[in-house]
Amino acid sequence: MSQVRELDKAELLAVLDWYRAAGVDLAVGEDPVDRFAKSAAPQPAQQARQAATPNAPARIPATAAITGDPSEARRLAATAQSLDELRTILEAYNGCSLKFRATQLVFADGNPEAKIVLIGEAPGAEEDRQGKPFVGRSGQLLDRMLGAIGLDRTKVFIVNTVPWRPPGNRTPTPEEMELCLPFLNRQVELVAPRLVMTLGGPAMQTVFKTTSGIIKMRGRWQDVSIGTHEVPALPTLHPAYLLRNPAAKQQAWADLLSLKMKMDSLGLS
Ligand code: URA
């Protein structure tokens, strides 16, 4: 039989590293819970069902996966006449299963009257905790990037392709992004910006309706329709990518200068 021994500090740190790599980065309680014992025990509803139908199988199937209906999301989003209404609708919306693994809705940040909208991918751990987009490490870099061309959060409005954190910071699936797209579209329609900048591949693919890669597409302005709103949009690299690949900051800088020139030409500076 294997011996149980206490782990030393290095081993404990290795376990924490392993958890973090697996996407477990939030402690939800002080004491350990034996979920295996819990799920093996019959649940009250199951007990009642078994009492009523003694020959029924002991275990009931898990709740079916929640697969939202994009046309329902479109219908709901279209009813919002303001960002506050849209936030309330999203808070009540249960069609996207990401919601049930996230701490809270990450709706938007910045100035709702801004002339520039930035679209990121999805909230991460820090955004999930604070309920605001781009407040973690990549958000700090984004703030510095904006500052370099005279912008800050009073001059832009920031949203994501999905407003709930995907578990373990994975990329949202195309289905999740499609489901949340009516809400993103409505956010942009309600702000009605003069310019849009997308951050990273998934946001670029969603907004530009393309499967091309970000490295090929970045830095090229295109007129796009976001919902019913037509607007020039510029794809650039995601700040998280820049943190991992500092050499690419040169390209991001070129994109920021391009944004600044466009702002100047439209009298938005
Ligand atoms: N990355 C994103 O794309 N969005 C956030 O809000 C945070 C990190």
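Which backbone oxygen does the side chain of Q187 reach? I began my notebook with this point, and in this predicted model I found that the side chain of Q187 comes to 2.9 Å from the backbone oxygen of F107.

**Entry 1: around Q187**

I looked up where Q187 sits and noted that it belongs to helix 8, which spans residues 174-191. I then asked whether Q187 is buried or exposed. Its relative accessible area is 5%, and because buried means under 20%, Q187 counts as buried. Setting aside the neighbours within four places in sequence, I listed L83, L86, F107, A108 and V159 as the residues in contact with Q187. F107 therefore appears in my notes twice, as a contact of Q187 and as the owner of the backbone oxygen that the Q187 side chain reaches.

**Entry 2: the chain as a whole**

I stepped back to the protein chain and counted 12 helices and 6 strands in its secondary structure. The chain has 269 residues, of which 41% count as buried. I also looked up the accessible surface, which is about 15600 Å², with 55% of it belonging to carbon and sulfur atoms. Among the contacts with a separation of 6 or more, 70% are between residues 24 or more positions apart.

**Entry 3: the sheet**

In what order do the strands of the open sheet lie? I wrote down 1-3-2-4-6-5 for the 6 strands, and I noted that their pairing is mixed. Strand 1 (109-110) and strand 5 (222-226) are the edge strands, since each of them pairs on one side only.

At the strand 1 end, I found 2 bridges to strand 3 (residues 156-160), with the two strands running antiparallel. D109 has I158 of strand 3 as its bridge partner.

I then turned to strand 6 (229-236), where 7 of the 8 residues are buried, leaving the strand mostly covered. Strand 6 pairs with strand 4 in the parallel sense over 4 bridges, and M197 has L234 in strand 6 as its bridge partner. With strand 5, strand 6 runs antiparallel and is joined by 5 bridges. Within that pair, I saw that S225 stands opposite E230, while I226 stands opposite H229. Strand 5 and strand 6 form a hairpin with 2 residues between them, and G227 in the turn has a positive phi of about 60°.

I finally checked what lies across this part of the sheet, and I found helix 9 (residues 201-208), which crosses strand 2 (116-120), strand 4 (195-199), strand 5 and strand 6. The angle that helix 9 makes with strand 4 is about 135°.

**Entry 4: the ligand**

Which residues are around the ligand? I listed G120, E121, A122, P123, E127, P133, F134, S138, N160 and H238. For three of these residues I looked up the distances between polar atoms. E121 places a backbone N or O atom 2.7 Å from an oxygen atom of the ligand. A polar backbone atom of A122 is 3.0 Å from a nitrogen atom of the ligand. In N160 a polar side-chain atom takes this part, lying 2.8 Å from a nitrogen atom of the ligand. Taken alone, the ligand exposes 240 Å², and I noted that the protein buries 93% of that area.

Notes
Residues numbered from 1 in each chain as written. Predicted model: local features only at pLDDT ≥ 70, side-chain atom pairs only at ≥ 80, totals over all residues. Heavy atoms only, no water. Buried < 20%, exposed > 50% of the residue type's maximum accessible area, 1.4 Å probe, protein only. Contact = heavy atoms within 4.5 Å. Areas by Shrake-Rupley, 256 points an atom, 1.4 Å probe, with all protein chains shown as cover. Pairing = 2+ DSSP bridges. Axes fitted to C-alpha atoms, helices over the stretch in contact; angles between N-to-C directions. Near = heavy atom within 4 Å. Polar contact = N/O pair within 3.5 Å; in protein donor to acceptor, adjacent residues only side chain to side chain.
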